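Here's a quick tour of a model you can rotate while you read. Have a look at it first, then come back for the details.

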Amino acid sequence: VMNAVFPAEASGFISERFDLKGSTVGREVSEEELQKKGRDAVMKDLDLAREVQLVKSMNKNGRKNLEYGLSIGPLSKSALLSQLREDVKLLVDCQVMDYSLLVGVVDYQL
């Protein structure tokens with residue numbers, strides 16, 4: 001499924017990939033996967049939380065009101081939330097309780 005979402009050519013511009021479930025139980029990438037796949041490893045919920053904390057701790061200039069995490073802008077946020085609502089309706093109808101949000105991160109500062 002991930003190859004359908006992130007085709008091979010995306011490796012040129014996607015710097016990180018996250019499989020987010022909204023849980024912390026068992027939700028970090030293994031050392032084995034990190035060593036095997038390097039920057040193509042799929043990170044998980046706890047990995048994202050650690051990265052956000054790391055960036056916060058690096059904020060040495062003391063600027064307040066900085067936002068951390070994923071930033072997608074208001075229009076994309078609205079579209080994403082609308083799609084999530086539709087997905088939840090489908091999962092309820094199908095009586096399925098498993099969901100992942102696959103996120104590809106593009107670092108424009110690279």
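What follows covers the sheet, the helix packed on it, two residues and a surface patch.

Keep in mind that this is a predicted model. Let's start with the sheet: 3 strands make up an open sheet, ordered E2-E1-E3, with mixed pairing. The edges are strand E2 and strand E3, each of which pairs on one side only. From one strand to the next, the twist averages 30°. As general background, strands of a sheet pair through backbone hydrogen bonds, either parallel or antiparallel. Here, E1 and E3 run antiparallel to each other, paired over 5 bridges. Within this part of the sheet, Leu-20 sits opposite Leu-101 of E3.

Here are the strands with their residue ranges:

| Strand | Residues |
|---|---|
| E1 | 16-20 |
| E2 | 42-44 |
| E3 | 101-105 |

Helix H3, spanning residues 45-57, packs on the sheet and touches E1 and E2. The direction of H3 makes about 125° with that of E1.

Now for strand E2, where you'll find Lys-44. Which residues does Lys-44 touch, not counting those up to four places away in sequence? The list is Phe-18, Asp-19, Leu-20, Gly-26, Arg-27, Glu-28 and Val-29. As for Val-103, its C-alpha atom is 9.9 Å from that of Lys-44, though 59 residues separate the two along the chain.

Next up is Glu-33, which lies in helix H2 (residues 31-37). The Glu-33 side chain reaches the backbone nitrogen of Val-42 at 3.2 Å. Setting aside neighbours within four places in sequence, the contacts of Glu-33 are Gly-38, Ala-41 and Val-42.

Finally, the surface: a nonpolar patch there is formed by Phe-13, Val-106 and Tyr-108, which together have about 380 Å² of accessible area. Of these, Phe-13 belongs to the loop between helix H1 (2-5) and E1.

Terms used:
Residues are numbered from 1 along each chain as its sequence is written. This is a predicted model: local features need pLDDT of at least 70, side-chain atom pairs count only at pLDDT 80 or more; totals for chains, interfaces and linings use all residues. Side-chain values use heavy atoms; hydrogens and water are left out. Helices (H or I, at least four residues) and strands (E, at least two) are DSSP runs, numbered from the N terminus. A polar contact is a pair of N or O atoms within 3.5 Å; within protein, one must be able to donate a hydrogen and the other to accept it, and residues adjacent in sequence count only if both atoms are side-chain atoms. Contact means heavy atoms within 4.5 Å. Two strands pair if DSSP finds at least two bridges between them. Axes are lines fitted to C-alpha atoms, for helices over the stretch in contact, and angles run from 0 to 180 degrees between N-to-C directions. Patches are made of residues with over 30% relative accessible area and no salt bridge: like charges are joined within 9 Å, nonpolar side chains (Val, Leu, Ile, Met, Phe, Trp, Tyr) within 5 Å. Accessible areas come from the Shrake-Rupley method with a 1.4 Å probe; for residues, only the protein chains shown count as cover. A salt bridge is a side-chain nitrogen of Lys or Arg within 4 Å of a carboxyl oxygen of Asp or Glu.
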